[in-house]
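Ready for some practice in reading a protein structure? Take a look at the model below, then work through the exercises one step at a time.

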Amino acid sequence: MSTRNCLTVFLIVFFLCIIGIAIVGVLFFRLPEKWGWWPSPAAEMLAGTPHREGAAELMGVLEEKGMDTEGVEMYVLPIKDAGENLAVAVLDAAEGFDFSKIGTEGDPLTETMINIVTGPEAKALNIGRAVVEYRNEDGDTLFTFTAPSKDIRDFGNKIINREAFMEALDGDIDFSKLLTDDMFKEYIMF
Amino acid sequence: MTKYKRLTLLILLPCTLILSGCLQSDKDLVIAFLLDWAKQKGILDDQGNPTPKAVGYTLAGGYISTGDPAVDAALDAGAAIDGVKKADKKLKEANDELKKDPPDVKKAAETVDNALKDRPEDWMLRNNQLVLRTELGEGNTVKDLGSSGAANNQCGGDQNCLIRLYQNRAQLVDDSIDRQNSQGVRPNCDSYNLGIQTHQQLIKLDPAQSSQYEAQMREYQSHSGRCAD
């Protein structure tokens, strides 16, 4: 094979690899959104007017359930073209949130989601999905979890087990920030 | 921190996390939740060791698509909320301008215009822009915002959303007319007309409260000969 042919094959393979990496980067790692080249799905799908009164009602529900809501921010956002709303609880350590003060009986993340979606307020507000996001004292998001309201309620009512609930639960965990975070460092055995 | 250092830390994760024998503290329960979820999703194996999927997670830094845009949006809701907070902060600044004596309506309107750049589809901000520009005598520049078609688009036809939209607008118009009165000037006719149109929509959408809306509408109509053109 001549040098020219080798070079041509090399260039073709090289560009195919670049295209493959670009496709993976766009579809899987969402790099253009990460770099701010184009807006994330949230920017478009959650661009509607927040239901501020509804958010205050859901916050009231959490307080009635005995949760310490210091550092907890609640939002109700319409999901575009879905005909339902998203309830988002941001647990912000920079604003005073502390897991040790939350006052829930069981696992705080699951209980927060269950408390948000199981009352008549959530039904009246047509909450189709709940999100819980934890931010550390530097304002960095360490983890975010979301599930459809039905699955959360079914788990709360013991219709589905923990394994099925975990399967229905989608999430993002920033492991690198988690392992170096002051709150979680005490669990690290060094 | 480089990606390789993050990867090294992740590989050490199963060897470095400890859980007390009794999972009593809320932090223990949170860690247990995170581990259970990671195992269920195949990021950690049953022994808590990272799988190849964990490498992808670390390299992506939390930006992996689930394949469902609605779920991706929910997981990225924090970005939308940061936009809401930014816009709400500007709306508060605008309201602070209106509380001054005399109120700086022009500055408030400009601040709301800036807030709309962050959240152009937020009808509460649009209502504020409509009412303030009308108060400034610039109603023609924002005429489209006041149309029922625009409101329907913003609410996707949702009746409850429309009622909230028009109730918010009615309150803002009321505040605007009070503000103009408090400055010793005759409120402009466009402000009263906007109030009348808003209450006409509310009467249609919320018949249960129609007597209240009709009373307010008649109040605005009584000023039609005594307003500033």
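## Exercises on cysteines, cores and surface

A:Cys6 has a relative accessibility of 38%, so this residue counts as partly exposed. Keep in mind that the model is a predicted one.

**Exercise 1. Find out which cysteine sulfur is nearest to A:Cys6, and decide whether A:Cys6 is in a disulfide.**

Solution. Step one: look for the nearest cysteine sulfur, which belongs to A:Cys17 and lies 16 Å away. Step two: compare this with the cut-off, since a disulfide needs two cysteine sulfur atoms within 2.5 Å. A:Cys6 is therefore in no disulfide. Step three: turn to A:Cys17, which is in no disulfide either, with the sulfur of A:Cys6 as its nearest at 16 Å. A:Cys17 has a relative accessibility of 44%, so it too counts as partly exposed.

**Exercise 2. Locate the disulfides of the structure and describe each link.**

Solution. Step one: count them, and you find two over all chains. Step two: take the pair B:Cys155 and B:Cys161, whose sulfur atoms are 2.0 Å apart. The angle about this S-S bond is -65°, and the link is left-handed. Both B:Cys155 and B:Cys161 are buried. Step three: go on to B:Cys189 and B:Cys227, where the sulfur-to-sulfur distance is 1.9 Å. Here the angle is 95°, and the link is right-handed. This pair ties together distant parts of the chain, 38 residues apart: B:Cys189 sits in helix α10 (residues 189-205) of chain B, and B:Cys227 in the segment after α11 (210-221) of chain B. Step four: number the bonded cysteines of chain B in sequence order, and the pairing reads 1-2, 3-4.

**Exercise 3. Decide whether B:Cys189 is buried or exposed, and list what it touches.**

Solution. Step one: read its relative accessible area, which is 9%. Buried means under 20%, so B:Cys189 is buried. Step two: leave out residues up to four places away in sequence, and the contacts of B:Cys189 are B:Ser224, B:Cys227, B:Ala228 and B:Asp229.

**Exercise 4. Identify the largest nonpolar core and the helix that gives the most to it.**

Solution. Step one: recall that in soluble globular proteins, nonpolar side chains tend to be buried together. Step two: find the largest core, which has 50 residues; among those with the most contacts inside it are A:Phe99, A:Tyr134 and A:Leu169. Step three: look for the top contributor, helix α2 (residues 26-40) of chain B, with seven residues in this core. Step four: check the neighbours of A:Leu169, which include A:Met113 and A:Phe145 as well as B:Phe33 and B:Trp37.

**Exercise 5. Name the residues of the nonpolar surface patch that includes A:Phe10.**

Solution. Step one: place A:Phe10, which is in helix α1 (residues 3-27) of chain A. Step two: collect the patch, formed by A:Leu7, A:Phe10, A:Leu11, A:Phe14, A:Phe15 and A:Ile18. Step three: note their accessible area, about 580 Å² together.

**Exercise 6. Describe the helices, burial and surface of chain B.**

Solution. Step one: count the elements, and chain B has eleven helices and zero strands. Step two: turn to burial, where 49% of the 229 residues of chain B count as buried. Step three: take the accessible surface of chain B, about 11300 Å², of which carbon and sulfur atoms hold 49%.

Conventions:
Residues numbered from 1 in each chain as written. Chains lettered and ligands numbered in written order. Predicted model: local features only at pLDDT ≥ 70, side-chain atom pairs only at ≥ 80, totals over all residues. Heavy atoms only, no water. Core = buried A, V, L, I, M, F, W, Y, C linked by side-chain atoms within 4.5 Å. Buried < 20%, exposed > 50% of the residue type's maximum accessible area, 1.4 Å probe, protein only. Helix = DSSP H or I, 4+ residues; strand = E, 2+ residues; numbered from the N terminus. Contact = heavy atoms within 4.5 Å. Patch = residues over 30% accessible without salt bridge, like charges linked within 9 Å, V, L, I, M, F, W, Y side chains within 5 Å. Areas by Shrake-Rupley, 256 points an atom, 1.4 Å probe, with all protein chains shown as cover. Salt bridge = Lys/Arg side-chain N within 4 Å of Asp/Glu carboxyl O.
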